[in-house]
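Visitor: I'd like a close look at one part of this protein. Could you pick a strand, walk me through its neighbours, and then show me the aromatic contacts?

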Amino acid sequence: MLHGDDPQPQIEALLRAAAALACDMAAHVDGEFILTGAGTVWYDVVCNVWLTAQKPPRCRIVIRPGCYITHDNGIYQQAQDALRARDRIACDLGGDLSAALQLVAMVQSVPEAELAIVNFGKRDCAFDAGLPQPVAHYRAGKALPFRPGAYTSSEVMDQHCMLKLAPDSDVQVGDILIFGTSHPCLTFDKWKTLLLVDDDYNLQAELDTAF
(Lines give C-alpha, C1' and ligand atoms only; values in the text may rest on other atoms or scores of the structure.)
Protein backbone atom coordinates (compact mmCIF):
# COMPACT_ATOMS: atom_id res chain seq x y z
CA MET A 1 0.00 0.00 0.00
CA LEU A 2 1.82 3.06 -1.25
CA HIS A 3 -0.93 5.41 -2.27
CA GLY A 4 -4.60 6.17 -1.73
CA ASP A 5 -6.39 8.49 0.63
CA ASP A 6 -4.81 8.32 4.10
CA PRO A 7 -3.29 4.82 3.76
CA GLN A 8 -1.63 4.71 7.20
CA PRO A 9 -4.76 3.53 9.10
CA GLN A 10 -5.09 0.67 6.60
CA ILE A 11 -1.46 -0.28 7.16
CA GLU A 12 -1.89 -0.23 10.93
CA ALA A 13 -5.05 -2.37 10.73
CA LEU A 14 -3.25 -4.91 8.53
CA LEU A 15 -0.36 -5.08 11.00
CA ARG A 16 -2.67 -5.63 13.98
CA ALA A 17 -4.45 -8.39 12.05
CA ALA A 18 -1.10 -10.02 11.26
CA ALA A 19 -0.08 -9.91 14.94
CA ALA A 20 -3.42 -11.46 15.94
CA LEU A 21 -2.98 -14.21 13.35
CA ALA A 22 0.51 -14.87 14.71
CA CYS A 23 -0.98 -15.37 18.18
CA ASP A 24 -3.47 -17.87 16.74
CA MET A 25 -0.62 -19.78 15.08
CA ALA A 26 1.74 -19.72 18.06
CA ALA A 27 0.62 -23.12 19.38
CA HIS A 28 1.80 -24.72 16.15
CA VAL A 29 5.30 -23.21 16.25
CA ASP A 30 8.19 -24.75 18.17
CA GLY A 31 10.88 -22.35 19.29
CA GLU A 32 11.15 -18.74 18.24
CA PHE A 33 8.30 -17.15 16.29
CA ILE A 34 9.45 -14.71 13.58
CA LEU A 35 7.04 -11.93 12.66
CA THR A 36 8.35 -10.11 9.61
CA GLY A 37 7.09 -7.41 7.30
CA ALA A 38 7.45 -3.86 6.02
CA GLY A 39 9.02 -2.30 3.02
CA THR A 40 10.73 0.97 2.33
CA VAL A 41 7.64 3.10 2.95
CA TRP A 42 6.20 1.87 6.27
CA TYR A 43 8.96 0.25 8.32
CA ASP A 44 8.58 2.78 11.15
CA VAL A 45 4.85 2.07 11.37
CA VAL A 46 5.55 -1.68 11.44
CA CYS A 47 7.89 -1.20 14.39
CA ASN A 48 5.53 1.07 16.30
CA VAL A 49 2.47 -1.17 15.86
CA TRP A 50 4.12 -4.53 16.43
CA LEU A 51 6.14 -3.42 19.45
CA THR A 52 2.92 -2.61 21.31
CA ALA A 53 0.67 -5.35 19.86
CA GLN A 54 0.06 -8.66 21.60
CA LYS A 55 2.44 -11.21 20.09
CA PRO A 56 3.36 -14.86 20.56
CA PRO A 57 5.88 -15.68 23.31
CA ARG A 58 9.51 -15.58 22.15
CA CYS A 59 8.55 -13.51 19.13
CA ARG A 60 11.25 -11.84 17.04
CA ILE A 61 10.25 -8.87 14.86
CA VAL A 62 12.19 -8.53 11.61
CA ILE A 63 11.66 -5.55 9.32
CA ARG A 64 12.65 -5.70 5.65
CA PRO A 65 12.94 -2.22 4.10
CA GLY A 66 14.68 -2.53 0.74
CA CYS A 67 16.05 1.02 0.96
CA TYR A 68 18.76 -0.10 3.41
CA ILE A 69 20.48 -1.75 0.43
CA THR A 70 19.86 0.83 -2.28
CA HIS A 71 18.18 4.13 -1.56
CA ASP A 72 17.17 6.38 -4.48
CA ASN A 73 16.43 9.98 -5.44
CA GLY A 74 12.76 9.30 -6.22
CA ILE A 75 9.99 7.39 -4.47
CA TYR A 76 12.27 6.01 -1.74
CA GLN A 77 13.44 9.52 -0.89
CA GLN A 78 9.84 10.73 -0.83
CA ALA A 79 8.96 7.86 1.51
CA GLN A 80 11.92 8.68 3.77
CA ASP A 81 10.89 12.35 3.91
CA ALA A 82 7.38 11.28 4.93
CA LEU A 83 8.79 8.93 7.58
CA ARG A 84 10.90 11.68 9.12
CA ALA A 85 7.89 13.99 9.13
CA ARG A 86 5.70 11.53 11.07
CA ASP A 87 8.19 9.79 13.38
CA ARG A 88 10.06 11.65 16.12
CA ILE A 89 12.52 8.81 16.74
CA ALA A 90 13.58 8.84 13.09
CA CYS A 91 14.28 12.55 13.38
CA ASP A 92 16.49 11.95 16.42
CA LEU A 93 18.67 9.36 14.71
CA GLY A 94 22.02 10.54 13.39
CA GLY A 95 22.63 10.47 9.65
CA ASP A 96 20.20 9.57 6.92
CA LEU A 97 19.84 7.35 3.88
CA SER A 98 21.65 8.38 0.71
CA ALA A 99 21.12 7.26 -2.87
CA ALA A 100 23.42 4.37 -3.81
CA LEU A 101 22.52 3.66 -7.44
CA GLN A 102 23.22 6.15 -10.20
CA LEU A 103 23.16 6.07 -13.97
CA VAL A 104 26.03 7.58 -15.96
CA ALA A 105 25.20 8.68 -19.50
CA MET A 106 26.57 10.85 -22.30
CA VAL A 107 24.93 13.67 -24.21
CA GLN A 108 24.73 12.46 -27.82
CA SER A 109 22.99 15.39 -29.44
CA VAL A 110 21.71 18.90 -28.76
CA PRO A 111 19.39 19.37 -31.75
CA GLU A 112 17.60 22.38 -30.26
CA ALA A 113 18.47 25.09 -27.77
CA GLU A 114 16.20 23.55 -25.14
CA LEU A 115 16.59 19.85 -25.98
CA ALA A 116 19.38 17.33 -25.47
CA ILE A 117 19.42 13.61 -26.31
CA VAL A 118 21.18 11.35 -23.80
CA ASN A 119 22.25 7.76 -24.45
CA PHE A 120 20.14 5.78 -22.00
CA GLY A 121 16.59 4.52 -22.23
CA LYS A 122 13.98 2.05 -21.02
CA ARG A 123 16.38 -0.84 -21.54
CA ASP A 124 18.79 0.66 -19.00
CA CYS A 125 16.73 1.89 -16.06
CA ALA A 126 13.42 1.93 -14.24
CA PHE A 127 10.83 4.39 -15.50
CA ASP A 128 7.66 3.21 -13.72
CA ALA A 129 7.99 5.60 -10.77
CA GLY A 130 9.49 8.68 -12.36
CA LEU A 131 12.32 9.17 -14.82
CA PRO A 132 15.97 9.34 -13.77
CA GLN A 133 16.91 12.98 -13.20
CA PRO A 134 20.34 14.66 -13.48
CA VAL A 135 22.26 15.18 -10.24
CA ALA A 136 25.75 16.03 -11.56
CA HIS A 137 27.44 17.26 -14.74
CA TYR A 138 30.95 16.52 -16.05
CA ARG A 139 32.93 17.71 -19.06
CA ALA A 140 36.36 16.39 -20.04
CA GLY A 141 36.63 14.65 -16.68
CA LYS A 142 35.90 17.74 -14.59
CA ALA A 143 32.79 18.50 -12.58
CA LEU A 144 30.80 21.52 -13.73
CA PRO A 145 28.55 23.65 -11.52
CA PHE A 146 25.19 21.92 -11.28
CA ARG A 147 21.92 23.79 -10.86
CA PRO A 148 18.98 21.51 -9.97
CA GLY A 149 16.15 21.95 -12.43
CA ALA A 150 18.32 23.44 -15.16
CA TYR A 151 17.82 20.26 -17.17
CA THR A 152 15.07 17.72 -16.66
CA SER A 153 14.32 14.31 -18.15
CA SER A 154 11.01 14.71 -19.96
CA GLU A 155 10.65 11.52 -22.00
CA VAL A 156 12.40 8.18 -22.33
CA MET A 157 12.50 5.85 -25.32
CA ASP A 158 14.04 2.38 -25.68
CA GLN A 159 17.62 3.66 -25.90
CA HIS A 160 17.42 7.45 -25.53
CA CYS A 161 16.29 10.03 -23.01
CA MET A 162 15.02 13.49 -23.92
CA LEU A 163 16.39 16.21 -21.68
CA LYS A 164 14.55 19.52 -21.44
CA LEU A 165 17.04 22.37 -21.00
CA ALA A 166 16.51 25.71 -19.35
CA PRO A 167 17.32 28.65 -21.68
CA ASP A 168 20.67 29.37 -19.98
CA SER A 169 21.83 25.74 -19.68
CA ASP A 170 25.36 24.86 -20.76
CA VAL A 171 25.05 21.32 -22.12
CA GLN A 172 27.27 20.10 -24.96
CA VAL A 173 27.65 16.93 -26.99
CA GLY A 174 30.04 14.61 -25.15
CA ASP A 175 29.16 15.89 -21.67
CA ILE A 176 28.68 13.22 -19.01
CA LEU A 177 25.61 13.48 -16.80
CA ILE A 178 24.99 11.55 -13.59
CA PHE A 179 21.35 10.61 -13.03
CA GLY A 180 19.60 9.69 -9.82
CA THR A 181 17.08 6.88 -10.20
CA SER A 182 13.64 6.11 -8.81
CA HIS A 183 12.60 2.57 -7.77
CA PRO A 184 16.08 1.03 -8.16
CA CYS A 185 14.86 -2.59 -8.05
CA LEU A 186 13.76 -2.29 -11.67
CA THR A 187 17.14 -0.90 -12.68
CA PHE A 188 19.04 -3.73 -11.00
CA ASP A 189 17.31 -6.38 -13.08
CA LYS A 190 18.40 -4.75 -16.36
CA TRP A 191 22.11 -5.20 -15.65
CA LYS A 192 24.24 -8.32 -15.12
CA THR A 193 27.07 -6.22 -13.69
CA LEU A 194 27.15 -2.96 -11.75
CA LEU A 195 30.22 -0.81 -11.17
CA LEU A 196 31.18 0.19 -7.64
CA VAL A 197 32.81 3.64 -7.58
CA ASP A 198 34.14 6.05 -4.97
CA ASP A 199 32.97 9.63 -4.44
CA ASP A 200 35.07 10.76 -7.42
CA TYR A 201 33.63 8.01 -9.66
CA ASN A 202 36.88 6.04 -9.72
CA LEU A 203 36.15 2.37 -10.38
CA GLN A 204 36.59 0.18 -7.29
CA ALA A 205 34.99 -3.13 -8.22
CA GLU A 206 32.48 -4.95 -10.40
CA LEU A 207 29.35 -6.36 -8.74
CA ASP A 208 27.36 -9.28 -10.12
CA THR A 209 23.63 -8.60 -9.73
CA ALA A 210 22.75 -12.33 -10.03
CA PHE A 211 19.42 -11.59 -11.70
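Guide: Here is a tour of one strand and its partners, followed by the ring contacts. Keep in mind that this is a predicted model. Let's start with strand β8, which covers residues 161-165. β8 is mostly covered, with 4 of its 5 residues buried. On one hand there's β4, residues 115-118, which pairs with β8 in the antiparallel sense over 4 bridges. If you want a spot to click on, take V118, whose bridge partner in β8 is C161. β8 also pairs with β7, residues 151-156, again antiparallel, over 5 bridges. There, T152 has K164 of β8 as its bridge partner. β7 and β8 make up a hairpin, with 4 residues between them.

Now for the rings: searching the whole structure turns up 3 aromatic pairs. One of them is Y138 with Y201, where the centres are 5.8 Å apart and the planes sit at 80°, so this pair is edge-to-face. Y138 belongs to strand β5 (residues 133-139), while Y201 is in the loop between β10 and β11, so the contact ties together parts 63 residues apart in sequence. Y201 itself is partly exposed, at 28% relative accessibility.

Another pair is F146 and Y151: their ring centres are 5.7 Å apart and the planes are at 75°, so they're edge-to-face too. F146 is partly exposed, with a relative accessible area of 26%, whereas Y151 is buried at 6%.

One last ring to look at is F127, with the charged end of K122 sitting over it, 5.2 Å from the ring centre.

How values were computed:
Residues numbered from 1 in each chain as written. Predicted model: local features only at pLDDT ≥ 70, side-chain atom pairs only at ≥ 80, totals over all residues. Heavy atoms only, no water. Buried < 20%, exposed > 50% of the residue type's maximum accessible area, 1.4 Å probe, protein only. Helix = DSSP H or I, 4+ residues; strand = E, 2+ residues; numbered from the N terminus. Pairing = 2+ DSSP bridges. Phe/Tyr/Trp six-rings, centres within 6.5 Å; stacked < 30°, edge-to-face > 60°. Lys NZ or Arg CZ within 6 Å of the ring centre and 35° of its normal.
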